[in-house]
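Here is a guided walk through one protein chain, written for someone who would rather look at the model than at a list. Keep the structure open beside the text as you read.

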Amino acid sequence: MLDIEPAAPPSTLKEPWGEPPMGMLAELTHRCPLQCPYCSNPVELERVAGELDAAAWKRVFAEAVELGVLQLHLSGGEPTVRKDLEDLVGEASRLGLYTNLITSGVLLSEARLLDLKRAGLDHIQLSLQGATALTGDRIGHYKGGHAKKLELAKAIGRAGLPLTINAVVHRQNLDELEGLIDLALACDAHRIEVAHVQYYGWALANRAALMPTRAQLERATAIVDDARVRHAGRLMVDYVIPDYYAKRPKPCMGGWARTVLNVTPSGAVLPCHAAQSIKSLTFPNVQDHDLAWIWQSSEPFQRFRGTDWMPEPCRSCSFKEQDFGGCRCQAMALTGDAANTDPACEFSPFHDLLRLTAEDEAASEPPAFTYRRPLANAPAMGTPGLVGATKGMS
């Protein structure tokens, strides 16, 4: 048994939080044609019958503006499955929000893209699962998806919309990182986000198949460093390393409930995308409370704000107001208690657990991917050890 000083218990509510969030992630749906094994959505997805309707989302957008939100990120699942997406984008634009569409791209036609631009869409983030069709279609579990993404990227350029490429990288596509950067350049993207998988939700179930080796990580970091120099002024390269190889925790979402809020398809409001994995917290819903009260005063949002909640060694750490204790969801996933020190920190009593897990899984033959469900258009899979088994999700 580790000798760990317990975290301070939850206190009565503090004074209302005075700083507004800068951005809001609106998860319009959990429906998605892709079946990416690194998906950070919950294992138990929300059903279409429970999704907020357009009127509810418009009210939430208005409350977000009143609260001080400037940027609206429209996500899912795949947000383009919503037939009312143009209406939602138009209302957000009317309210003065900067709108960013986060999409897999496989369902978005050029005609609809132009409709979204006319409605006021400001920016698109397009995901790529690999630099080749073989890799991209296998990881996304969607036959023909890679080609559709590249066609959409061309259409985005023709429409004159700014484009960011989202490249979630891991053991099974890191060898294509240079190709992913080249694709971003070919697509005339202004930014590529090279983000190592963060192990929450479905990604946690596939961790052993996704965990990169240290050699892969070091090579990827060198590639990013080189690309930043060679493509300076042409392509911005953001880089997120896997926590399992880190020595310091990242200030997850800028700190718990400090800069961003997340609204799920059914209206639950979260401080971060994976917060519902913390089962001891019950998150309020926009169908029951206004957004301002949720952000400023609700107990789950207050629970890990600031530094008063921290256990040792965080409480005495000189970095505590830089990383704000790291990731609460990761602490929950790996230690069973969201109040524990993030294992990504080298000073955490759980740090060796993280390091040994990474080294053990990276040294083993990767198991088959576990996908949410089989798809009718899933590509043929023939690579030993990488074949997509399926696991039931209706």
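Pro313 sits in the loop that runs between helix H11 (299-303) and helix H12 (320-323). In this predicted model, the peptide bond from Glu312 to Pro313 is cis, with omega near 10 degrees. Another cis bond joins Gly76 to Gly77, where omega is near 15 degrees. Gly77 belongs to the loop between strand E2 (71-75) and helix H2 (85-94). These bonds are worth a look, because most peptide bonds are trans, just as most residues other than glycine have a negative phi.

That brings us to some backbone angles of the other kind. Asp188 is not a glycine, yet its phi is positive, about 60 degrees. Ala257, also not a glycine, has a positive phi of about 55 degrees. The table sets out where each residue lies and how accessible it is.

| Residue | Loop between | Relative accessible area |
|---|---|---|
| Asp188 | H6 (177-186) and E6 (191-196) | 55%, exposed |
| Ala257 | E7 (236-240) and E8 (260-263) | 0%, buried |

A positive phi also turns up at His141, which follows helix H4 and has a value near 60 degrees. How many residues of helix H4 (residues 133-140) are buried? The count is 6 of its 8 residues, so the helix is mostly covered. The buried residues are Thr135, Gly136, Asp137, Arg138, Ile139 and Gly140. Their cover includes helix H5 (145-159) and strand E10 (370-371).

Next, the cysteines. An unreviewed UniProt entry carries the annotation "binding site" for Cys32, Cys36 and Cys39. Cys32 lies in the loop between strand E1 (23-27) and helix H1 (54-67), and Cys39 is likewise in the loop between E1 and H1. Is each of these two buried or partly exposed? Cys32 has 21% relative accessibility and therefore counts as partly exposed. Cys39 has a relative accessible area of 18%, so it counts as buried. Setting aside neighbours within four places in sequence, Cys39 is in contact with Tyr200, Gly201, Trp202, Ala203 and Arg372.

On a wider scale, the domain assignment of the chain gives domain 1 (23-242) and domain 2 (307-368). The contact takes 11 residues from domain 1 and 14 residues from domain 2. Their C-alpha centres lie 27 Å apart. Glu361, in helix H14 (residues 351-363), is a good residue to click on here. Not counting residues up to four places away in sequence, Glu361 touches Arg171, Arg207, Ala208 and Met211. Glu361 is buried, because its relative accessible area is 14%.

Finally, turn to the second largest pocket, which holds about 360 Å³ of space. Of the 18 residues that line this pocket, Pro42, Val43, Gln276, Ser277 and Lys279 are the closest to its centre. Why does the second largest pocket lie between domain 1 and domain 2? Both domain 1 (23-242) and domain 2 (307-368) give residues to the lining, so the pocket lies between them. Helix H7 (201-205) and helix H13 (328-335) each supply at least two lining residues, and H13 gives the most, with 3 residues. By character, the lining divides into 9 nonpolar, 6 polar and 3 charged residues.

Note on methods. Residues are numbered from 1 along each chain as its sequence is written. This is a predicted model: local features need pLDDT of at least 70, side-chain atom pairs count only at pLDDT 80 or more; totals for chains, interfaces and linings use all residues. Side-chain values use heavy atoms; hydrogens and water are left out. On a 1 Å grid over the protein atoms alone, a cavity is a set of points where a 1.4 Å probe fits but cannot get out, and a pocket is an open set with protein on both sides within 12 Å along at least five of seven lines; lining residues have an atom within 4 Å of a point. Grid points are joined across faces, edges and corners, and a volume is the space filled by probe spheres set on the points. Helices (H or I, at least four residues) and strands (E, at least two) are DSSP runs, numbered from the N terminus. Ala, Val, Leu, Ile, Met, Phe, Trp, Tyr, Cys and Pro count as nonpolar, Asp, Glu, Lys and Arg as charged, and the others, Gly among them, as polar. Domain bounds come from an automatic or database domain assignment. UniProt positions are given in the numbering used here, feature names are shortened, and annotations may be inferred rather than shown by experiment. Buried means under 20% relative accessible area, exposed over 50%, partly exposed in between (1.4 Å probe, protein chains only). Contact means heavy atoms within 4.5 Å.
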